[in-house]
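Subject: Structure for you to look at

Dear colleague,

Here is the structure I promised to pass on to you, with the sequence alongside. Please open it first, and then read the notes that follow with the model in view.

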Amino acid sequence: MSKFNVYMFLNEHEEPLYIGISTRLVPRIETQHFRGKSGNLSKECIEETHKILYHQATSADDMKIKERYLINTLNPKYNNKMNNENRFSFTIEMDWKLYSIDKE
């Protein structure tokens, strides 16, 4: 698994709920988001999450650019602080993989 990851939580209708980045994907998702008491995501976001996808970026800059691009183009429900509604004159293609997690 790459050191630089972009991940996306989707609801049951495949709509983006939250987009984040991490250099330590498994602890970030499983410990901080799903099992942590002080995670930055609301209980509602976790409950609405039906599927998690991740993309392996090539560098820290690549990861950050892709996160910003996705937040501003997909407008996920729980990324409202980072969405400054910028528009882009280019498209970024991403190779998404399914992340398996048991939410219980």
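The lining of the largest pocket is made up of 6 nonpolar, 5 polar and 3 charged residues, and please keep in mind throughout that this is a predicted model. The pocket encloses about 260 Å³ of space, and of the 14 residues that line it, those nearest its centre are Y18, N40, Y78, N79 and K81. Strand β2 supplies the largest share of this lining, namely 3 residues.

Among the residues nearest the centre of the pocket, N79 deserves a separate look. N79 sits in the loop that runs between α3 (60-74) and β4, and it is nevertheless buried, with a relative accessible area of 5%. If neighbours within four places in sequence are set aside, N79 is in contact with L17, Y18, I19 and I71. With I19 there is also a polar contact, in which the side chain of N79 comes to 2.7 Å from the backbone nitrogen of I19.

The next part concerns helix α1, which spans residues 25-35 and in which L25, R28, I29, H33 and F34 are buried. Viewed down the axis of α1, these buried residues fall within an arc of 125°, so they line one face of the helix. What lies over that face? The cover of the buried residues of α1 includes β1 (5-10), β2 (16-22), α2 (43-48), β3 (51-56) and β4 (97-99). P27 is also a residue of helix α1, but P27 is partly exposed, because its relative accessible area is 29% and the range for that class runs from 20% to 50%. Between P27 and Y7, which are 20 residues apart in sequence, the distance from C-alpha to C-alpha is 13 Å.

Two loop residues have a backbone angle that you may wish to look at in the viewer. Most residues other than glycine have a negative phi. E14, although not a glycine, has a positive phi of about 65°, and N75, likewise not a glycine, has a positive phi of about 50°. E14 is placed in the loop between β1 and β2, whereas N75 is placed in the loop between α3 and β4. As for accessibility, E14 is partly exposed, with a relative accessible area of 45%, while N75, at 52%, counts as exposed, because the cut-off for that class is over 50%.

The loop between β1 and β2 also holds E12, which counts as exposed at 59% relative accessibility. Which residues does E12 touch, leaving aside its neighbours within four places in sequence? Its contacts on that basis are with E48 and H50. E12 and F34 are 22 residues apart along the chain, and their C-alpha atoms are separated by 17 Å.

Lastly, A60 belongs to helix α3 and is partly exposed, with a relative accessible area of 28%. A60 and T23 lie 37 residues apart along the chain, and 8.4 Å separates their C-alpha atoms.

With best wishes

Technical notes
Residues numbered from 1 in each chain as written. Predicted model: local features only at pLDDT ≥ 70, side-chain atom pairs only at ≥ 80, totals over all residues. Heavy atoms only, no water. Buried < 20%, exposed > 50% of the residue type's maximum accessible area, 1.4 Å probe, protein only. Helix = DSSP H or I, 4+ residues; strand = E, 2+ residues; numbered from the N terminus. Arc of directions from axis to C-beta. Contact = heavy atoms within 4.5 Å. 1 Å grid on protein atoms, 1.4 Å probe; cavity = no way out; pocket = protein on both sides within 12 Å on 5 of 7 lines; lining within 4 Å. Points joined across faces, edges and corners; volume = space filled by probe spheres on them. Nonpolar A, V, L, I, M, F, W, Y, C, P; charged D, E, K, R; others polar. Polar contact = N/O pair within 3.5 Å; in protein donor to acceptor, adjacent residues only side chain to side chain.
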